[in-house]
There are 2 protein chains.
Amino acid sequence: MATIRDVARLANVSMATVSNALNSSDRVSPELLARVRAAVEKLSYAPHAGARSLRKRSSGLLGLVVGDITNPFFSDLFEAVEDAAAANGYLVLLCNSSERSEREEAHLRMLRTQRIDGLILAPTGAASMHRAALLAQLEVPIVLVDRAMDGLGYDAVVLDNRKAGFEATSHLIARGHRRIGLINGPEIVRTAADRMHGYREALLSAGLPFDPALVRDAGFQERPAHDAFGELMALVEPPTAIFATNNLMTIGVVTALADRGLSCPEDISLVGIDDLPWADAVLPRLTAIAQPVRAMGETALTLLAERIAGTRLGPGTTTVLAPRLVVRRSCGSPVPLKAAHV
Amino acid sequence: MATIRDVARLANVSMATVSNALNSSDRVSPELLARVRAAVEKLSYAPHAGARSLRKRSSGLLGLVVGDITNPFFSDLFEAVEDAAAANGYLVLLCNSSERSEREEAHLRMLRTQRIDGLILAPTGAASMHRAALLAQLEVPIVLVDRAMDGLGYDAVVLDNRKAGFEATSHLIARGHRRIGLINGPEIVRTAADRMHGYREALLSAGLPFDPALVRDAGFQERPAHDAFGELMALVEPPTAIFATNNLMTIGVVTALADRGLSCPEDISLVGIDDLPWADAVLPRLTAIAQPVRAMGETALTLLAERIAGTRLGPGTTTVLAPRLVVRRSCGSPVPLKAAHV
DNA sequence: CTTTTGTTGTAAAACGTTTCAAACAAGGCT
DNA sequence: AGCCTTGTTTGAAACGTTTTACAACAAAAG
């Protein structure tokens, strides 16, 4: 494969000139620029990224580490980030940890070896001291997405989770529901706590009581959510509506519905956080709180690019983006207990 | 960040010894090995991938280019490929072309600059001369997934599409269906042609006539499939079952079903190719032909690794993997025309 | 005691870029 | 004519590795 030296020889100029022509084309005369371009074309020269990163001390690579690329939220996020990165001349290295912390660690080490210029991290699992150390070792700007991590001073871009919880719950209340089951993630994680906070606020501002028996921690996962739904329905006073705070758990309760032959919204109402690509295709047609995934990816990248360029200084701030309620058919009015064929 | 020189100084050995200790640990005495390891640990040294690739003339990077990472088939594929790659010491660079050929080209150029050691390509769109040239310029082994490209001599791993078509159709025939609508991709692409081939074989071996009016080209896309379904149902003798040959088109017809208030399998039966993660959660619970995505990713990577290592020579061969029918609830017996509330 | 063989370590030369400082050319001023 | 400017071009050094070729030495063989 041709090197910059070959190009220089063919164009009859120095290597430095070729480099200048390719990188800062205004610093070289039109005459030579044309010669260089022609030579590049003829040899179909492609610079060697490794050599370049060695000399420039910057690789043009960005890392994106997510917990599960199979989750539509994350694949959409990747798409958004990659588009924005391409527009800024960066290439993104996607790391999928499959929710396993050992793999995440391995990836972080890999990213360090690759000398990435910046990292976008969608933190998963518990915040470990060890991870914090690995992140610091990277010695590059980091932007958090989806979940903030307190005390580390990183920029973050997250959903307005309180508002998401509030709106979902209010939507249900507006339809007449008074007992609303909340299937949530672990309260230790901010996201889950905030969503529940919104839920309580909505209840409060409608003058409804908060009943702890109606909330379950299903760890943001599908199967536990399925089971949690069962528990909720076994209550002496079961809920007439369910609010599931992420897409996996929403799928879990939809499955549970189908298992019991319950139909939605006739027998019970359902609203979830995270819109799903097929939410409009299948039954029930799911009403959901959509996250502005694209905007999240784009602002994360903008923040990161600014940090890298050094045009953004000071402590990290967290950007909060508004949720959007998309109303479909899964929420109706509550049905009297006996009418439901449980 | 520490360099190999720093490690050498701290361990009181030469740089060469550090390199040997790290790469071929058996060529250095236990004594020094320990010293080197300690120094590496203390400095938390991470080698510089760029420098290494410069010298070694190999980057440890593999490319994976797909048309749409948002499609579960491709995100599953990425997961499988990444796992297998990690096991072989490779890092994978995911390129999502969003089905746009210009972006695909840009990605291929990028991959050349990165000096990837090999490429896994899930070809999308038409086979262009231009793309073929770009692929050749890469000068690395290439393995095709999902679709083969004739005449270029690359290895490929694909589904047994004929069999997939045959099994899906036979499943429907076994339930008593005689008029089966086929919503297919463009026949120019092998995948689509083969699936249709299987469809015809199944018809033939059941002694059923092949009616061209029952097959539509929906370009493997959702919206066109939705419309194609409408056309099929407008026939004087509409089908009692639909076979959609990929996941997007399956979603399209499910939507069309819901739009018309048709239920499945009561009013019409449906089988699709590509299983979907939520196929069991929603209604209708979709019977589908599952592709062995994980196996596809793994064998693709194995093939690629062997080509790179030079342990595999000669012209490319195409590996054909068997489909798996997963039966759920979307296929029943045909209902007489008048009974269906169209 | 010399030679051979084998092991373990090292100095130095690449690998392909970018960038620094210096050289050079061509005008524009005194 | 001499002296600055200003703008282009270039030689050479540096970036952090791996590898080649060889040196040093010890052990085994003669």
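Here are three short exercises, with worked solutions, on the model above.

The model is predicted, so local features need pLDDT of at least 70 and side-chain atom pairs count only at pLDDT 80 or more, while totals for chains, interfaces and linings use all residues. Residues are numbered from 1 along each chain as its sequence is written, chains are lettered from A and ligands numbered from 1 in the order in which they are written, and side-chain values use heavy atoms, leaving out hydrogens and water.

**Exercise 1. Work out which domains chain A has.**

Step 1: Start with the assignment, whose bounds come from an automatic or database source. Chain A gets domain 1 (4-56), domain 2 (61-159 + 293-322) and domain 3 (161-291 + 326-340).

Step 2: Now check the spacing. Taken over C-alpha atoms, the centres of domain 1 and domain 3 of chain A are 60 Å apart.

**Exercise 2. Describe the contact between chain A and chain B.**

Step 1: Count residues in contact (heavy atoms within 4.5 Å). Chain A puts in 50 residues and chain B puts in 50 residues.

Step 2: Look at buried area, the accessible area (1.4 Å probe) that two parts lose on being put together, summed over both. Here that is about 4600 Å², with 56% from carbon and sulfur atoms. Met1(A), Leu91(A) and Arg115(A) supply 13% of what chain A buries against chain B, more than any other three residues.

Step 3: Tally the salt bridges (a side-chain nitrogen of Lys or Arg within 4 Å of a carboxyl oxygen of Asp or Glu). There are 6 between the two chains, chain A and chain B. One of them joins Arg285(B) to Asp259(A), with the closest N and O atoms 3.0 Å apart.

**Exercise 3. Find what surrounds DNA strand D.**

Step 1: Collect the residues near the strand (a heavy atom within 4 Å of it). You get 27, and the closest are Thr17(A), Ile4(B), Met15(B), Ser19(B) and Arg55(B). On the DNA side, sugar and phosphate make up 66% of the strand D atoms that come within 4 Å of the protein.

Step 2: Zoom in on single atoms. A polar side-chain atom of Thr17(A) sits 2.5 Å from a phosphate oxygen of DNA strand D, and a backbone N or O atom of His48(B) is 3.4 Å from a phosphate oxygen of that strand. For Arg55(B), a polar side-chain atom lies 2.7 Å from a base oxygen of DNA strand D.

Technical notes:
A polar contact is a pair of N or O atoms within 3.5 Å; within protein, one must be able to donate a hydrogen and the other to accept it, and residues adjacent in sequence count only if both atoms are side-chain atoms.
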